Structures are given as structure tokens and as C-alpha cells.
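Me: I've just opened this one and could use a friendly walk through it. Can we take it question by question?

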Amino acid sequence: MDQIIDPDLQAIRYAVTVAEHLSFRRAAETLKIRQPALSRRIRRLEETIGASLFERYPRGLRLTHAGRMFVRDARYVLMLLDRALDRADHSGRAETGQLTLGFFPSLVSGRLRDVLEQFRHRSPGILVETMEGSPVDQLEWLRTRRIDAGVLAGGFEARDLERLPLWEERIFAALPQNHELATAQTLTWQDLRHEQWLVRTFESGAVVYNFLIARIAIDGHFPGTSLHLTSRENILGLVGAGYGITIVPETLTGLNYSGVVFRPIAGEGSTLPISVAWLAANDNPALRRFLSLLRQARSAGPT
């Protein structure tokens, strides 16, 4: 096996500079070092690699055959090294990279959308990808590293994950516009006990159903529900058609749905806690920058 050598990286850079000037004096002036020191570094480099790089003459230098090949390859290697260092530097400062974010609240409006807008302005070189899913989905995605962070609604227990409570999101009832309660300014859970509820047959639908049970089921009375294998937008379409009512976070009230009105629910249990979770071992610099922005948004309070 050939002997592995470990040349001086700075001396390689010096050799490339000397090759550009073919003069130790001019190269030393460019590098801002003393000429004898430069000459010694090049000599040690030649001894390390076992070949002369320059033929020395009273009036200058000339590259040897080995020197021409060495300098050609050294320029290419140094270019790749500089590129790698630059990329690592930008990535380490979260100027470039990728962030994969799970979420459950809507991105139509609200504080999470505002944070994402700020993140885009502050870190335009970071590619952000999103995956919408229930808290159950997101906890699994976090553990399998499919996402870097999950913004989840409601409470959850996950001792293997880091968690940061963010804010409370108001809950609204979505009603047909001709519903008798549509004229009310605010509603209570008791106002909605006997309504027909529309629920999705997804994990998020189970979250909504359990949420309703905790607030409306009293003395063995459970809310009437119909299950639908469809999107949240189509649930609101059914509300507009008069098939029943549903609940939505405030972020979804930023859009107009035909035949639907949104009314805030007042009293205890009328807000939804929002948290962010992530793996402590995740060292993605983009994640750290995003968490920092979330902490700022949390401390700033409602906007």
C-alpha cells in the first residue's frame, strides 16, 4: 500500500499562489508573508510529496512537469474545499437548508402563517416543506424523522420529544347562514348541545369528536354526529348546504365559504392550545432558527 501523506493545506494554497506569479517575492507580497518563510513552506511541501514543484532560477521560477500536474489538481481540490466550507458555513448559520414542518391548524391565517411569512423573509435560502396531519400523525413523523417539527393542537404526552407551548387559538362554530343561532354574536357549548355535528373520518376527526364529548356530553347525552370521509373544506360545504354544524379554529375563519357563518364560542374550553414539538437530537440549524422565531412570536402575544 502506498504511504499516506498529510500535506500542509496552507502550503498547498501558497504553492498555487507562487505558480500564479512564478516569483517568491511577488507571491509573498500577495500573501502578506515574508519571502524566506514562504520559500521554506514550499520546500517542506516538496519534501512531503517527494517531488520538486518549481525549478528555481536567479530571475524567477518555472513549474516542473510534476508541479504543473500538482497545481492543476490543487486548484480543483481547493475550489471544492472552499465550496464545501462555504456551504457548511451558510448551513450552520441557517442561511440555506431545508425545514420540514408538520401542522394541524390551518395556514389560511393566524399566527402560524404569520411566523412562516416572517421565516421566509428572514431565511429566504431555506426550503420549507409542510405536511398536514393530526397530532397522532405528527408524533409518528417526528419519531421517524419525516418532519423536523410539528405544530400541534390540543394536549399530548410525549416524553421522548421536546415541547414548547405557543399560544391559545379561539374556537368558532361553523353554522348554516340561515340557522337560528347564526344571528348570535357569541355562543356557548350549551347552545350547541342538540345540534347535528359533522365530523371527518380521519385522525383529525377523532380529535374533534373527543373535543366535543369533553364539552357537550352531559348526563349520558352525546352529541349527534355524522361521519364523512372528506376534506375539511368539504365539511364546510356540507355546513353551507344545511347538513349540520362543525367547529373550526379561528385560522379557518379567514376565508369565505358559501352559506356558512362563523360564530365564536365563549366560556370555559373555548380555546385550543397550540404547541410545537421536536426531537432534541435534531441538529438541523434551520429548525433552531424556526424555533427561535416561534419563541419570539410566543412572547410577543396576540397580534
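Reply: Sure, and one term up front: a polar contact is a pair of N or O atoms within 3.5 Å. With that in hand, the side chains of Thr-251 and Glu-169 make such a contact, at 3.0 Å. Keep in mind that this is a predicted model.

Me: Where does Thr-251 lie, and is it buried or exposed?
Reply: Thr-251 has a relative accessible area of 6%. Buried means under 20%, so Thr-251 is buried. As for its place, Thr-251 sits in the loop between E9 and E10.

Me: Let's zoom out. How many helices and strands does the protein chain have?
Reply: The chain has 303 residues, and 43% of them are buried. Its accessible surface is about 17000 Å², with 51% belonging to carbon and sulfur atoms. The secondary structure comes to 9 helices and 11 strands.

Me: Among contacts between residues at least 6 apart in sequence, what share joins residues at least 24 apart?
Reply: Here a contact means heavy atoms within 4.5 Å. Counting the pairs in the protein chain that are at least 6 apart in sequence, the share that joins residues at least 24 apart is 72%.

Me: On to helix H8. Why do its buried residues end up on the same side?
Reply: The buried ones in H8, which spans residues 232–240, are Arg-232, Ile-235, Leu-236 and Val-239. They sit on the same side of H8 because the arc they cover around the axis is only 95°.

Me: Which strands do the buried residues of H8 pack against?
Reply: Just after H8 comes Gly-242, with a positive phi near 90°. The buried residues of the helix itself pack against strands E4, E6, E7, E8, E9 and E10.

Me: Which residue of strand E4 is tied to H8 by a salt bridge?
Reply: Arg-232 is buried, at 15% relative accessible area, and its side chain meets a partner at 3.0 Å, N to O. That partner lies in E4 while Arg-232 lies in H8, so the pair ties together parts that are 100 residues apart in sequence. At 43% relative accessibility, the partner counts as partly exposed. The residue is Glu-132.

Me: How many salt bridges does the structure hold?
Reply: Side chains of opposite charge can pair when their charged atoms come close. One of the pairs here is Arg-113 with Asp-114, whose closest N and O atoms are 3.5 Å apart. Arg-113 is partly exposed at 33%, and Asp-114 is partly exposed at 26%. The structure's count of salt bridges is 10.

Me: In the Arg-43 and Glu-46 pair, what is the N to O distance?
Reply: Both residues lie in helix H3, 3 residues apart, about one turn of the helix. Arg-43 is partly exposed at 39% relative accessibility, whereas Glu-46 is buried at 4%. Their side chains meet in a salt bridge with an N to O distance of 3.6 Å.

Me: What about H2: which of its residues are buried, and how wide is their arc?
Reply: Phe-24, Ala-27 and Ala-28 are the buried ones in H2. Their cover includes helix H1, H3, strand E1 and strand E2. The three lie on the same side of H2, since they cover an arc of only 100°.

Me: Which residue just after H2 takes a positive phi?
Reply: Most residues other than glycine have a negative phi. The one here has a phi near 60°, and it lies in the loop between helix H2 and helix H3. At 73% relative accessibility it counts as exposed. It is Lys-32.

Me: Where is Arg-145 found?
Reply: Arg-145 has a positive phi of about 60° although it is not a glycine. At 52% relative accessibility it counts as exposed. Arg-145 is found in the loop between helix H6 and strand E5.

Me: Which residue has a side chain with a polar atom 2.6 Å from the backbone oxygen of Gly-267?
Reply: The residue lies in the loop between E10 and strand E11. At 11% relative accessibility it counts as buried. Leaving aside neighbours within four places in sequence, its contacts are Glu-169, Arg-170, Ile-171, Trp-189 and Ile-265. That makes it Ser-270.

Notes
Residues numbered from 1 in each chain as written. Predicted model: local features only at pLDDT ≥ 70, side-chain atom pairs only at ≥ 80, totals over all residues. Heavy atoms only, no water. Buried < 20%, exposed > 50% of the residue type's maximum accessible area, 1.4 Å probe, protein only. Helix = DSSP H or I, 4+ residues; strand = E, 2+ residues; numbered from the N terminus. Arc of directions from axis to C-beta. Areas by Shrake-Rupley, 256 points an atom, 1.4 Å probe, with all protein chains shown as cover. Polar contact = N/O pair within 3.5 Å; in protein donor to acceptor, adjacent residues only side chain to side chain. Salt bridge = Lys/Arg side-chain N within 4 Å of Asp/Glu carboxyl O.
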